[in-house]
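Please walk through this structure, from its overall make-up to a few single residues.

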Amino acid sequence: MTTLRFGQHIIKASAVFLQTELSFALVNRKPVVPGHVLVCPLRPVERFRDLRPDEVADLFSTTQRVGSVVEQHFCGTSLTIAIQDGPEAGQTVKCSGGCIFFYQRVLKHVHVHVLPRKAGDFERNDSVYDELQKHDKENEDVPSKWRTEEEMAAEASILRNLLS
């Protein structure tokens, strides 16, 4: 594996810490909380409903496995697991490859956010959803706010070792 596609983004192998037959997990370039990672189907689809049953099973078993590791490694006591399924739900990652374009509107690539949580990490617990919604908005998603490739590779390496 050299690179993978995540919507319109090319993901370097160094940021990927787990790949299964149908899914992959990667570190986040702009995590909402430490340990915020993403789990994605290998096949780019716009919506959760577009996944085949075998892809759903793999995506969720991978999410469960990843969640256990990031919760423990980042000293969490809980997890927020979220799918922003469609634009009104906050989905922003554009789909490429096998996706279709309707009236110049680029479709999205479904993915699961996995966030290890601790008491007091947000003043109001549900603020995590506000942060997720603005997480990848174009005006918020600027390279100056991203982690370096080295930081992401180091975190992915640790998680890869914990999952092996």
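**Confidence and fold**

The model is predicted, and the protein chain has an average pLDDT of 84, with 81% of the residues scoring at least 70. Confidence varies between the elements: α1 has the highest mean pLDDT, 98, and strand β7 (residues 101-102) the lowest, 38. Over residues 95-107 the pLDDT stays under 50, and the model has 23 contacts beyond four places in sequence for this stretch.

The secondary structure of the protein chain consists of three helices and nine strands. Along the sequence they follow the pattern β-β-β-β-β-α-β-β-β-β-α-α. Of the 164 residues in the protein chain, 45% count as buried. Among contacts in the protein chain with a separation of 6 or more, 65% are between residues 24 or more positions apart.

The N-terminal part can be taken before the sheet. Strand β1 (residues 3-6) pairs with strand β2 (residues 9-12) in the antiparallel sense, over four bridges. R5 stands opposite I10 in β2. The hairpin of β1 and β2 has two residues between the strands, and G7 takes a positive phi there, near 60°.

Next comes the sheet. Five strands form an open sheet in the order β3-β4-β5-β9-β6, and the pairing is antiparallel. Its edge strands are β3 (16-19) and β6, each of which pairs on one side only. From one strand to the next, the twist averages 20°. Strands of a sheet pair through backbone hydrogen bonds, in either a parallel or an antiparallel arrangement. Here, strand β5 (residues 37-41) and strand β9 (residues 112-117) run antiparallel and are joined by three bridges. V39 stands opposite V112 in β9.

Two helices can now be placed on this sheet. α1 lies across β3, β4 (23-27), β5, β6 and β9, and runs at about 165° to β5. Helix α3 (residues 149-163) also packs on the sheet, where it touches β3, β4 and β5; the direction of α3 makes about 35° with that of β3.

α1 can be described further. This helix has 21 residues and reaches 30 Å from its first C-alpha to its last, close to the 30 Å expected at 1.5 Å a residue. Which residues of α1 are buried? They are E55, D58, L59, T62, T63, V66, G67, V69 and V70. The buried residues of α1 pack against β3, β4, β5, β6, β9 and α3.

One of these buried residues, T62, gives a link to edge strand β3. Q19 lies in strand β3, and its C-alpha atom is separated by 8.8 Å from that of T62, although Q19 and T62 are 43 residues apart along the chain. Q19 counts as partly exposed because its relative accessibility is 39%.

After the helix comes a residue with a positive phi. C75 follows α1 and lies in the loop between α1 (53-73) and β6 (78-82). Most residues other than glycine have a negative phi. The phi of C75 is near 55°, a positive value in a residue other than glycine. Is C75 buried or exposed? C75 has a relative accessibility of 57% and therefore counts as exposed, the cut-off being over 50%.

A second cysteine gives a contrast in accessibility. C40 has a relative accessible area of 0%, so C40 is buried, the limit being under 20%. How many disulfides are there? A disulfide is a covalent bond between the sulfur atoms of two cysteines. When a disulfide is taken as a pair of cysteine sulfur atoms within 2.5 Å, the count comes to zero.

The last position to look at is in the loop between β6 and β7, where D85 is found. With a relative accessible area of 24%, D85 is partly exposed, because it falls between the buried limit of under 20% and the exposed limit of over 50%. D85 and H109 are 24 residues apart along the chain, and their C-alpha atoms are separated by 9.2 Å.

Technical notes
Residues are numbered from 1 along each chain as its sequence is written. This is a predicted model: local features need pLDDT of at least 70, side-chain atom pairs count only at pLDDT 80 or more; totals for chains, interfaces and linings use all residues. Side-chain values use heavy atoms; hydrogens and water are left out. Buried means under 20% relative accessible area, exposed over 50%, partly exposed in between (1.4 Å probe, protein chains only). Two strands pair if DSSP finds at least two bridges between them. Axes are lines fitted to C-alpha atoms, for helices over the stretch in contact, and angles run from 0 to 180 degrees between N-to-C directions. Contact means heavy atoms within 4.5 Å. pLDDT is the predictor's confidence in each residue, from 0 to 100. The expected span of a helix is 1.5 Å times one less than its number of residues.
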